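I sat down with a fresh notebook page and a new model to browse. Here is what I looked up, in the order I got to it.

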Amino acid sequence: MLKVIIAGYDKMLAALINGVIDNGHELLGVIRIDRVRYSPFTLFFKDIFAPSKDISYLKSKNIKEIKARSVNSKKFREFVKNSGADLILVGSWSEKFSIETIELPRYGTINCHPSLLPNHRGANPYFWQIYSGDNRAGVTFHFMDEKFDTGEILMQGAFDIEPFMTGGILKTKTCKVAEVMVGQLLDDLEENLIIPVKQDEAKATYDRWSEDLRYIDFDREPPHSIHNKIRGLRPFCYPLANYGGILRKIGHSELIIQNNDIKEKYSIEKQGKFLIVKYKDITLKLTLV
């Protein structure tokens, strides 16, 4: 039985908690990202009047919360040392870990990254895997080091990206896969069955978000890319399309394979709550919000 500390956020945090507890390992405590994002004064009132899903989940499971303001703080490091933790498990954490924190536990610090590394390093791989037109998605457990998402790989699990999947659906699926994998990962670590594998830097990709990605450019983006962008962004934010000089929110995209009798690159018209964008062999039916 390994002694585990978890740093995480949202669905991935819940998945890691469940995976640790359900497989008979000891969860010593959890630090949630709200401790980093808010001052103690603000968080005190937020937890009373607008509690997050994370704090509600911790209370429902009677899990100890580590009340430190950072994973690099003296208070957090002292908790790791005094608790005798075997490892820190990380899922959806935006703060960079210092090497001093990473190396504190017996097995170090392990991140659960929601893509098949070295592909799609960086934030929100759920969006990037769909937007890039990938056929496969997955989960990577890897040792953390001084950089983001570059450490040695310990375990990976892959699955198909289905045509109906949005970024939100992919996130839910990924977290369920991670939850199943956690127990095997910890068991194999305890039995010394895992051989860490270095990532192939020649195959690495790193995705960087910018607000420009929210905007749809009919002149430059092919229809499949527009369709995948809309799928990938939902429900994290609404993509925006310019029609009639007005930026309009798009909630859904349907890709229809059909021949259209048009001479220009594409045509676009509004039909009720839809924008109909016709190309020579494809029609995009975009639902307005």
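**Entry 1: the words I use for accessibility.** Before I look at any residue, I fix my terms: buried means under 20% relative accessible area, exposed means over 50%, and partly exposed is what falls in between. I also remind myself that this is a predicted model.

**Entry 2: a nonpolar patch.** I went to the surface and asked which residues form a nonpolar patch there. I found Phe41, Phe44, Phe45, Ile48 and Phe49, with about 620 Å² of accessible area together. I picked Phe45 for a second look, and I found this residue in helix α3. Is Phe45 buried or exposed, or does it fall in between? Its relative accessible area is 36%, so with the limits at 20% and 50% I write down "partly exposed".

**Entry 3: salt bridges, the count.** Next I turned to charged pairs. Side chains of opposite charge can pair when their charged atoms come close. I count a salt bridge when a side-chain nitrogen of Lys or Arg is within 4 Å of a carboxyl oxygen of Asp or Glu. How many salt bridges does that rule give? I get twelve. I followed three of them further.

**Entry 4: Asp47 with Arg32.** I looked up the N to O distance for this salt bridge, and it is 2.6 Å. Asp47 belongs to helix α3 (residues 40-49) and Arg32 to strand β2 (residues 26-32), so their pairing ties together parts that are 15 residues apart in sequence. I then checked how covered the two partners are. Asp47 is buried at a relative accessible area of 16%, and Arg32 is buried too, at 0%.

**Entry 5: Arg35 with Glu65.** Here the closest N and O atoms of the salt bridge are 2.7 Å apart. Where do the partners sit? I find Arg35 in helix α2 (residues 34-37) and Glu65 in the loop between α4 (53-60) and α5 (74-83), so I note a link between distant parts of the chain, 30 residues apart. Both Arg35 and Glu65 are buried.

**Entry 6: Arg77 with Glu100.** I read 3.2 Å, N to O, for the salt bridge between these side chains. This pair also links distant parts of the chain, with Arg77 in helix α5 and Glu100 in helix α6 (residues 99-102), 23 residues apart. Arg77 counts as buried at 14% relative accessibility, whereas Glu100 is partly exposed with a relative accessible area of 46%.

I also asked which residues are joined into one network by salt bridges that share partners. My list reads Arg32, Asp34, Arg35, Asp47 and Glu65, so the pairs from Entries 4 and 5 turn up here again.

**Entry 7: helix pairs.** Two packed helices are described by the angle between their axes and the distance between the axes. I looked up both values for α1 (residues 10-22) with α8 (residues 167-190): the axes come within 8 Å and cross at roughly 30°. Angles under 35 degrees count as roughly parallel, and that makes α1 roughly parallel to α8. The crossing of α1 past α8 is right-handed.

I then took α1 with α4. Their axes come within 9 Å and cross at roughly 20°, and these two helices are therefore roughly parallel to each other. I noted this crossing as right-handed as well.

**Entry 8: backbone oddities.** Which peptide bonds did I note as cis? One runs from Leu117 to Pro118, with omega near 15°, and I place Pro118 in the loop between β4 (109-113) and α7 (125-131). Another runs from Arg234 to Pro235, with omega near 10°. Pro235 lies in the loop between α9 (223-233) and β8 (240-243).

I also checked for positive phi at residues that are not glycine. His120 has a phi of about 60° and lies in the loop between β4 and α7, the loop I had noted for Pro118. At 7% relative accessibility, His120 counts as buried. Asn62 has a positive phi of about 55°, and its place is the loop between α4 and α5. At 72% relative accessibility, Asn62 counts as exposed.

Technical notes:
Residues are numbered from 1 along each chain as its sequence is written. This is a predicted model: local features need pLDDT of at least 70, side-chain atom pairs count only at pLDDT 80 or more; totals for chains, interfaces and linings use all residues. Side-chain values use heavy atoms; hydrogens and water are left out. Helices (H or I, at least four residues) and strands (E, at least two) are DSSP runs, numbered from the N terminus. Buried means under 20% relative accessible area, exposed over 50%, partly exposed in between (1.4 Å probe, protein chains only). Patches are made of residues with over 30% relative accessible area and no salt bridge: like charges are joined within 9 Å, nonpolar side chains (Val, Leu, Ile, Met, Phe, Trp, Tyr) within 5 Å. Accessible areas come from the Shrake-Rupley method with a 1.4 Å probe; for residues, only the protein chains shown count as cover. Axes are lines fitted to C-alpha atoms, for helices over the stretch in contact, and angles run from 0 to 180 degrees between N-to-C directions. Angles under 35 degrees count as roughly parallel, over 145 as roughly antiparallel, 65 to 115 as roughly perpendicular and the rest as oblique. A crossing is left-handed if the near helix is turned anticlockwise from the far one by less than a right angle, and right-handed if clockwise.
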